[in-house]
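Open the model in your viewer and have the selection tool ready. This tour goes stop by stop.

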Amino acid sequence: MTERDHASSPLHIDTQLVHGSRHHGATASVGTPTVPPIYASTTYLHSSTEALDQAFNGTTPEGEAAFVYARQGNLSANAFEEALNRVEGGIGTISFSSGMAAIHAALMAAGLAPGAKIVASQDLYGASISLLQKVFIPIGVQVILRDLCTPDAADFIREEEPDVIFIETISNPLTRIIDLDAISAAAREVEAITLVDSTFTTPYLLRPIEHGIDLVIHSTTKYISGHGDSTGGAVTSAKRVLLDQLRNYANLLGAMLSPFDAHLMTRGLRTLALRMERHCSNALQVAHFLAQHPAVTRVYYPGLPQHPQHALANKLLGDGRYGGLLSFDLKEQSRQAVYCFMDSLQLCLPATTLGDVFSLVTYPPVSSHRTLTEQERRNLGISEGCIRLSVGIENIEDIINDLDQALRQ
Ligand SMILES: Cc1ncc(COP(=O)(O)O)c(C=O)c1O
């Protein structure tokens, strides 16, 4: 990473990721651990009842973070939150037991109450759309789903004047890019709160707060944990008032990150830069390989010059890194052909998630977009022969050889 100017730290982001949690916790006369321990305790003792009373407000008399009960925050989660917050450049970060729990709390903190209006990207992660439709519409929230990757998206926001705007940095599965600067500028004009699910890009590729976004959400289950062995979520706030609301809802909804998962997330952050470098360089090579393959008609990857928003991707992501996720259309547009391809893979795993060290292949019509009809998927541009690939960190030749032999089946 070349820029040093974010989050007011003199250190580069890859160094911050490695050392972000190192100074967390007390020094000990017997030796200070370089890695914060796992604090499994559900409750915390304080020096006096007065200090306990103060701790319930979240701080010690000296103004440091204080803990009383694990659901309201625990030291292990706090180490992870501070490390992530530093690289996102926020006022504060709160962690959750899943990405969906983080999205739920963020939407509530943003003010999605009866009578509120939200404009959300039509190609959000499927469960996020279901959350809006099944939880928020029934309580009287007006939900408007729309393509927000188009040049007139900012004008649409000015016309609709929503209270909340919810987008993703890169859409699933067609890897469309949203112009964060245009959206956040329009949002400021109409005083809407902006939420961005930044799971696909991670703070290593993009830091939405630098683009004027209010709340940044991650399913940390994906790239941040990175090894497919831990589930979690996080929300970073750019504003104190939103952070306070988020803390309230996190406490009430009770979906906090466990100390054990927090430990794995903190460990994931330390190698995030290295893994993202490899995910991105592997994905770019796979995209070029697939783009010239006779069994493939189209590749969706922002790093390809033919991607409709390649220039925007260069502006937002920069440095030749476009993420680890791509999709492609098989020439033979049938479920049978897709199943044959997926069943023929020997290295890439046909499993539903993304951002792991392993290369992972999913078929949107049976996974992320299974609740939609074929016509609804077509309206979104998702064909019956569309396959999503989360490119892992294996040797690039092995990934390409595996895809090639499966495409030949
Ligand atoms: C972009 C995005 N956001 C949120 C989620 C939900 O995360 P979790 O499964 O950790 O609840 C996912 C899951 O796939 C996702 O892809």
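What follows is a walk through a predicted model, from its sheet to single residues.

**Stop 1: the sheet**

Show the cartoon and find the strands. Seven of them form an open sheet. Read across, the order is 1-7-6-5-4-2-3, and the pairing is mixed. Which strands stand at the edges? Select strand 1 (92-96) and strand 3 (142-146). Each has a single partner strand, so one side of each is left without a neighbour in the sheet. Now look at the twist. Neighbouring strands of this sheet are turned by 20 degrees against each other on average, direction ignored.

Zoom in on strand 2 and strand 3. They run parallel and are joined by five bridges. Pick alanine 120: its bridge partner in strand 3 is leucine 145.

**Stop 2: two helices across the sheet**

Select residues 75-88. This is helix 3, which lies across strand 1, strand 6 and strand 7. Helix 3 runs at about 130 degrees to strand 1. Next, select helix 7 (180-190). It lies across strand 4 and strand 5 (193-197). Against strand 4, helix 7 runs at about 175 degrees.

**Stop 3: lysine 222**

Go to the loop between strand 6 (215-219) and strand 7 (233-237); lysine 222 is there. The unreviewed UniProt entry annotates Lys222 as "modified residue: N6-(pyridoxal phosphate)lysine". Is lysine 222 buried or exposed? Its relative accessibility is 17%, so it counts as buried; the cut-off for buried is under 20%. Show the surroundings of lysine 222. Leaving aside residues up to four places away in sequence, it touches Thr199, Thr353, Leu354 and Gly355.

**Stop 4: salt bridges**

Now colour the charged side chains. The structure holds 17 salt bridges. Three pairs and one network are worth a selection.

Begin with glutamate 160 and lysine 117. Their closest N and O atoms are 2.8 Å apart. This pair links distant parts of the chain, 43 residues apart. Glutamate 160 is in helix 6 (residues 153-160), and lysine 117 is in strand 2 (residues 117-121). Glutamate 160 is partly exposed at 24% relative accessibility, whereas lysine 117 is buried at 15%.

Move on to aspartate 214 and lysine 239, a salt bridge with its closest N and O atoms 2.9 Å apart. What does this pair tie together? Aspartate 214 lies in the loop between helix 8 (202-205) and strand 6, and lysine 239 in the loop between strand 7 and helix 9 (240-253), so parts that are 25 residues apart in sequence are tied together. Aspartate 214 is buried, with 5% relative accessibility. Lysine 239 is partly exposed, at 39%.

Then select arginine 207 and glutamate 210. In this salt bridge the closest N and O atoms are 3.0 Å apart. Arginine 207 is buried, with a relative accessible area of 3%. Glutamate 210 is partly exposed, with a value of 44%.

For the network, select Asp123, Asp147 and Arg176. Salt bridges link these residues.

**Stop 5: backbone details**

Switch to a backbone view. Find the peptide bond from asparagine 172 to proline 173: it is cis, with omega near 5 degrees. Proline 173 sits in the loop between strand 4 (164-168) and helix 7.

Which residues other than glycine have a positive phi here? One is glutamate 161, with phi near 45 degrees. Look for glutamate 161 in the loop between helix 6 and strand 4. It is exposed, with a relative accessible area of 54%. Another is threonine 202, with phi near 60 degrees. Threonine 202 lies in helix 8. It counts as buried, at 1% relative accessibility.

**Stop 6: serine 344**

End in helix 13 (residues 335-344), where serine 344 is found. Show its side chain. A polar atom of that side chain lies 2.6 Å from the backbone oxygen of cysteine 340. Which residues does serine 344 touch, not counting those up to four places away in sequence? They are Gln405, Ala406 and Gln409. Serine 344 is buried, with a relative accessible area of 13%.

Note on methods. Residues are numbered from 1 along each chain as its sequence is written. This is a predicted model: local features need pLDDT of at least 70, side-chain atom pairs count only at pLDDT 80 or more; totals for chains, interfaces and linings use all residues. Side-chain values use heavy atoms; hydrogens and water are left out. Helices (H or I, at least four residues) and strands (E, at least two) are DSSP runs, numbered from the N terminus. Buried means under 20% relative accessible area, exposed over 50%, partly exposed in between (1.4 Å probe, protein chains only). A polar contact is a pair of N or O atoms within 3.5 Å; within protein, one must be able to donate a hydrogen and the other to accept it, and residues adjacent in sequence count only if both atoms are side-chain atoms. Contact means heavy atoms within 4.5 Å. UniProt positions are given in the numbering used here, feature names are shortened, and annotations may be inferred rather than shown by experiment. A salt bridge is a side-chain nitrogen of Lys or Arg within 4 Å of a carboxyl oxygen of Asp or Glu. Two strands pair if DSSP finds at least two bridges between them. Axes are lines fitted to C-alpha atoms, for helices over the stretch in contact, and angles run from 0 to 180 degrees between N-to-C directions.
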